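Ready for some practice in reading a protein model? Keep the sequence and the 3D view open, and try each task before you read its solution.

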Amino acid sequence: RIAYVNGQYVRHADAAVHVEDRGYQFADGVYEVCEVWQGKIVDVPRHLDRLGRSLNELRIDWPMARNAVEFVLHQVVRRNLVRNGLVYIQVTRGVSKRDHFFPPAHVAPSIVVTARSSSPTAAKAQAEQGISVFSYPENRWPRVDIKTVALLPNVLAKQNAKEQGGKEAWYVDADGNVTEGGSTNAWIVTKEGVLVTRPAESGILRGITRAVVLDLVQKEGLTFEERPFSLEEAFDAKEAFVTAATTVVMPVTRLDGRIIGNGHPGSVATRLRELFHTATDLQAV
Ligand code: PLP
């Protein structure tokens, strides 16, 4: 395997950043994950738009021109022979002696790009079974709209789910509403057949997969509402699912140990999963 680290392609086993990297010391960095599907990178423009937004919000410079980042994404996918899998980009504020204040202006941001293959067969099997989700009190900072590498709350929430046999956590805020998953956006389909997902204005990351699914939902003429939904409403839903570049559309069949709908992946989630890539921007590597 090959990784890209600050201007060089290196063996993945040897890929490293300095111990004084601000990503390591302060989680002072941002990231993106793009899906690689059938030899194509999914929604690169939207992911790079969001990367630019995250960098801007944290006042970190682009490590190099946007089209150079795009070129490296392609190179890393190609050099690793990834047909199906993920490509990961991380940018931090760079290497400088440990100090909370921003480093001097000459310090360049660090960039790392890695890619790995994953099994479409395993993903399909998971989607046919559905996943189990466990709720978790919302305890993250209010700026979850920024895709930062500061993911300790997400790590703890997801580990809590895993230790109960689950695959994802759903954060529940003080009003009893589901915000989003530990690494996914959350959706339900009500008994009346209405798709519901929380608006992107507060409490969630503006997921790229969520946006694509919203496009698809409109194209298919399905009824949907962007509004908060509660955990109680989710227990009573006909279907539930999560969206992310890592899982595409993944049906949720259990929530806090309770069965959702008939306990099998719902027809809406299944159809959206099948149609998903027709609504994406695909770049051949
Ligand atoms: N919400 C959180 C907290 C995430 O970490 C992610 C992805 O990593 C998502 C939502 C889904 O975003 P996307 O569809 O862009 O992958």
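The exercises below go from the domains to the core, then to two helices, the ligand and two loop residues.

**Exercise 1. Domains**

Task: Find the two domains of this predicted model and describe how they meet.

Solution:
- Step 1. Begin with the bounds: the domain assignment places domain 1 at 2-118 and domain 2 at 123-284.
- Step 2. Next, take the centres over C-alpha atoms; they are 26 Å apart.
- Step 3. Now look at the contacts, where 26 residues of domain 1 meet 18 residues of domain 2.
- Step 4. On the domain 1 side, β3 (29-37), β4 (40-42), α2 and β5 each give at least two residues.
- Step 5. Sort that side by class: 12 residues are nonpolar, seven are polar and seven are charged.

**Exercise 2. The core**

Task: Which residues touch the most other members of the largest nonpolar core, and where does this core lie?

Solution:
- Step 1. Recall a general trend: in soluble globular proteins, nonpolar side chains tend to be buried together.
- Step 2. Here the largest nonpolar core has 61 residues, and Leu73, Val87, Val113 and Ala240 touch the most other members.
- Step 3. Both domain 1 and domain 2 give residues to this core, so it lies between them.
- Step 4. Zoom in on Val113: leaving aside neighbours within four places in sequence, its contacts include Ala3, Tyr4, Leu73 and Val87.

**Exercise 3. Two helices**

Task: For α5 (residues 152-162) and α8 (residues 267-275), list the buried residues and find what they pack against.

Solution:
- Step 1. In α5, the buried residues are Ala157, Lys158 and Ala161.
- Step 2. Look down the axis of α5: these residues fall within an arc of 95°, so they line one face of the helix.
- Step 3. Turn to the face of α5 directed away from the buried side, and you meet the exposed residues Leu152, Val155 and Gln159.
- Step 4. The partners of the buried residues of α5 are β7 (131-137) and β8 (168-172).
- Step 5. In α8, Val268, Ala269, Leu272 and Arg273 are buried.
- Step 6. Seen down the axis of α8, they fall within an arc of 135°, so they also line one face of their helix.
- Step 7. The buried residues of α8 pack against several elements, including α4 (120-129), α6, β14 and β15 (248-255).

**Exercise 4. Around the ligand**

Task: How many residues surround the ligand, and which element supplies the largest share?

Solution:
- Step 1. There are 13 residues around the ligand, and the closest are Gly207, Ile208, Thr209, Ala244 and Ala245.
- Step 2. Both α6 (208-219) and β14 (239-244) supply at least two residues of this shell.
- Step 3. The largest share comes from α6, with three residues.
- Step 4. By class, the shell has five nonpolar, six polar and two charged residues.

**Exercise 5. Positive phi**

Task: Are Arg59 and Leu81 buried, partly exposed or exposed?

Solution:
- Step 1. Arg59 has a positive phi of about 55° although it is not a glycine. Look for Arg59 in the loop between α2 (44-58) and α3 (66-79).
- Step 2. Arg59 has 8 C-beta neighbours inside 10 Å, so Arg59 counts as exposed.
- Step 3. Leu81, also not a glycine, has a positive phi of about 55°. Leu81 sits in the loop between α3 and β5 (85-92).
- Step 4. Leu81 has 13 C-beta neighbours inside 10 Å, so Leu81 counts as partly exposed.

How values were computed: Residues are numbered from 1 along each chain as its sequence is written. This is a predicted model: local features need pLDDT of at least 70, side-chain atom pairs count only at pLDDT 80 or more; totals for chains, interfaces and linings use all residues. A residue is near a molecule or strand if its C-beta atom, placed from the backbone, lies within 6 Å of it. Helices (H or I, at least four residues) and strands (E, at least two) are DSSP runs, numbered from the N terminus. Ala, Val, Leu, Ile, Met, Phe, Trp, Tyr, Cys and Pro count as nonpolar, Asp, Glu, Lys and Arg as charged, and the others, Gly among them, as polar. A residue is buried if 20 or more other C-beta atoms lie within 10 Å of its own, exposed if 12 or fewer, and partly exposed in between; C-beta atoms are placed from the backbone. The arc is that of the directions from the helix axis to the C-beta atoms. Two residues are in contact if their C-beta atoms, placed from the backbone, lie within 7 Å. Domain bounds come from an automatic or database domain assignment. A nonpolar core is a set of buried Ala, Val, Leu, Ile, Met, Phe, Trp, Tyr and Cys residues joined through C-beta atoms within 7 Å.
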